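These are my notebook entries on a single structure. I set down what I looked up, in the order in which I looked.

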Amino acid sequence: MTEPETIAAQTVGRIDPSVGALIPPIHPSTTFERAPDNSFPEGRIYSRPDNPTYAAAAQTLNALEGGAETLLFSSGMAAATAVFLALDPGDHVIAPKVMYWALRGWLADFATRWGLRVDFVDLADATALEAAARPGETRLVWVETPANPMWTISDIAAAAAIAHRAGARLAVDSTAASPVLTRPLSLGADLVVHSATKYLNGHSDVVAGAVVAARRDEFWDRIRMISARNGAVLGPFEAWLLQRGLRTLFLRVRAQSRSAQELAERLATHEAVSEVFYPCLPAFRGHDVAQRQMHGGYGGMLSIRVRGGAAAAIATAAQVKIWKRATSLGGVESLIEHRASVEGPGTPVPDDLLRLSTGIESTSDLFEDLARALDSATTGSAESVSVAAP
Ligand SMILES: *Cc1c(COP(=O)(O)O)cnc(C)c1O
């Protein structure tokens with residue numbers, strides 16, 4: 001079994017040998033029996049370090065990413081922060097200027113107080129990374145590509161080469177691409193991180209995260225220990241839902257990518273839209289790199305800037321009927337969000353930007369709904385909408 005579609009659809013071909021079931025069981029047990037000879041014959045002791053329900057989703061993702069081992073976490077943030085916590089206080093790390101907002105906040109606040117020295121760099125530009133890397137001092141380069149919420153593209157192979165020359169590891173937050181479109185380990189990354197809450201599960205009903213390692217080494221042992229000891233582990237029911245979501249990953253992501261591409265192309269010529277952020281568009285910065293490192297599509301995420309400013313953007317979101325006004329991404333239902341309202345003061349995101357997570361609904365329904373809202377927001381009473389953050 002080698003083709004990724006087959007691996008995902010059949011959960012790596014697993015059949016439960018005890019009953020012949022095609023669908024894996026859920027093991028709610030928190031504890032496992034010790035044998036009379038004092039050993040643990042199955043290798044499991046307690047559910048915080050390991051639960052057998054994790055295996056289906058973890059092995060599927062591991063095979064899709066081409067990793068040596070995959071660990072599931074209770075959220076994408078728990079997965080991402082485990083990687084940083086495996087470093088030592090005093091270590092230098094490089095992260096993108098524009099990235100998933102909550103993680104950027106954690107790095108600027110908690111990680112910095114804990115002793116990491118964090119530089120935020122424009123990682124769409126490999127020469128800026130080269131200039132920021134400190135040989136012998138930088139321990140981790142963190143890349144998110146495409147990056148929230150402007151879908152900035154970083155060149156993974158170039159970043160891996162620069163990181164490795166400096167003696168650092170490269171971790172890639174591949175949440176937006178998913179293993180359907182990009183396989184960072186094959187491009188030289190050392191770790192891949194996912195918010196499995198998004199495309200991997202795909203149904204907006206599980207909060208989960210994952211870290212995939214290219215190899216088992218001493219750094220990976222530290223991440224494993226953080227998972228087991230800090231205890232930000234996934235519940236068995238959530239792990240089971242995640243494996244079910246993964247079975248349709250390829251169908252969903254490909255449909256979402258096709259739809260997002262059509263929306264991006266049509267919105268690019270809409271008079272109420274001043275800019276479209278989507279890696280497929282030839283004018284998009286990073287388009288060439290995206291074309292090289294993404295396969296079979298550019299993902300379901302795009303953002304637009306609305307002519308008329310923040311009030312017009314918020315008024316557009318207020319008037320859609322099919323798109324749902326909500327945060328998060330990667331589910332089968334389409335979501336729209338005024339990003340600056342979520343990120344608050346200090347955000348680098350333009351205040352007229354709407355982030356769009358394309359679901360699997362009819363593309364023409366989605367386009368017409370949005371076009372109608374844009375028309376009425378930019379010609380109607382947009383001035384009366386207030387721009388207060390929640
Ligand atoms: C959502 C998200 C996270 C955080 O994941 P949670 O599951 O919400 O904790 C990290 N990175 C990216 C790119 C995300 O979209």
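Entry 1, a salt bridge. I began with Glu-69 and Arg-224, whose side chains meet in a salt bridge at 2.2 Å, N to O. I then looked up where the two partners sit: Glu-69 belongs to strand β1 (residues 69–73) and Arg-224 to helix α8 (residues 218–230), so the pair ties together parts that are 155 residues apart in sequence. I note that the model is a predicted one. As general background, side chains of opposite charge can pair when their charged atoms come close. I extended the search to the whole structure and obtained 23 salt bridges.

Entry 2, the domains. I looked up how the protein chain is divided and found domain 1 (4–246) and domain 2 (250–384). The centres of the two domains, taken over C-alpha atoms, are separated by 27 Å. I recorded 37 residues of domain 1 in contact with 41 residues of domain 2. Between them, domain 1 and domain 2 bury about 3,100 Å², and carbon and sulfur atoms account for 62% of it. I asked which three residues supply more than any others of the area that domain 1 buries against domain 2. They are Trp-101, Leu-181 and Tyr-199, with 26% of that area.

Entry 3, polar and charged pairs between the domains. I counted three salt bridges between domain 1 and domain 2. I also looked up the pair Arg-292 and Asp-155, whose side chains form a salt bridge at 2.8 Å, N to O. For polar contacts across the interface of domain 1 and domain 2, the rule returned 15 residue pairs, with both residues at pLDDT 80 or more. On the side of domain 1 that touches domain 2, I noted that α1 (4–9), α7 (178–181) and α9 (236–246) each supply at least two residues. The residues of that side divide into 19 nonpolar, twelve polar and six charged.

Entry 4, the ligand. How many residues surround the ligand? I found 13, and the closest are Gly-76, Met-77, Asp-173, Thr-197 and Lys-198. I then looked up individual polar distances. The side chain of Thr-197 has an N or O atom 2.6 Å from an oxygen atom of the ligand. For Asp-173, a side-chain N or O atom is 2.7 Å from a nitrogen atom of the ligand. For Asn-148, the distance from a side-chain N or O atom to an oxygen atom of the ligand is 3.4 Å.

Entry 5, backbone geometry. Having met Asn-148 at the ligand, I examined the backbone there and found a cis peptide bond joining Asn-148 and Pro-149, with omega about -15 degrees. Another cis peptide bond joins Thr-145 and Pro-146, with omega about -15 degrees. I placed Pro-146 in the loop between β4 (138–144) and α6 (156–165), and Pro-149 likewise lies in the loop between β4 and α6. I last looked up Thr-11, where phi is near 45 degrees, a positive value in a residue other than glycine. Where is Thr-11 found? I located Thr-11 in the loop between α1 and α2 (54–65).

Technical notes
Residues are numbered from 1 along each chain as its sequence is written. This is a predicted model: local features need pLDDT of at least 70, side-chain atom pairs count only at pLDDT 80 or more; totals for chains, interfaces and linings use all residues. Side-chain values use heavy atoms; hydrogens and water are left out. Domain bounds come from an automatic or database domain assignment. Contact means heavy atoms within 4.5 Å. Buried area is the accessible area (1.4 Å probe) that two parts lose on being put together, summed over both. A salt bridge is a side-chain nitrogen of Lys or Arg within 4 Å of a carboxyl oxygen of Asp or Glu. A polar contact is a pair of N or O atoms within 3.5 Å; within protein, one must be able to donate a hydrogen and the other to accept it, and residues adjacent in sequence count only if both atoms are side-chain atoms. Helices (H or I, at least four residues) and strands (E, at least two) are DSSP runs, numbered from the N terminus. Ala, Val, Leu, Ile, Met, Phe, Trp, Tyr, Cys and Pro count as nonpolar, Asp, Glu, Lys and Arg as charged, and the others, Gly among them, as polar. A residue is near a molecule or strand if one of its heavy atoms lies within 4 Å of it.
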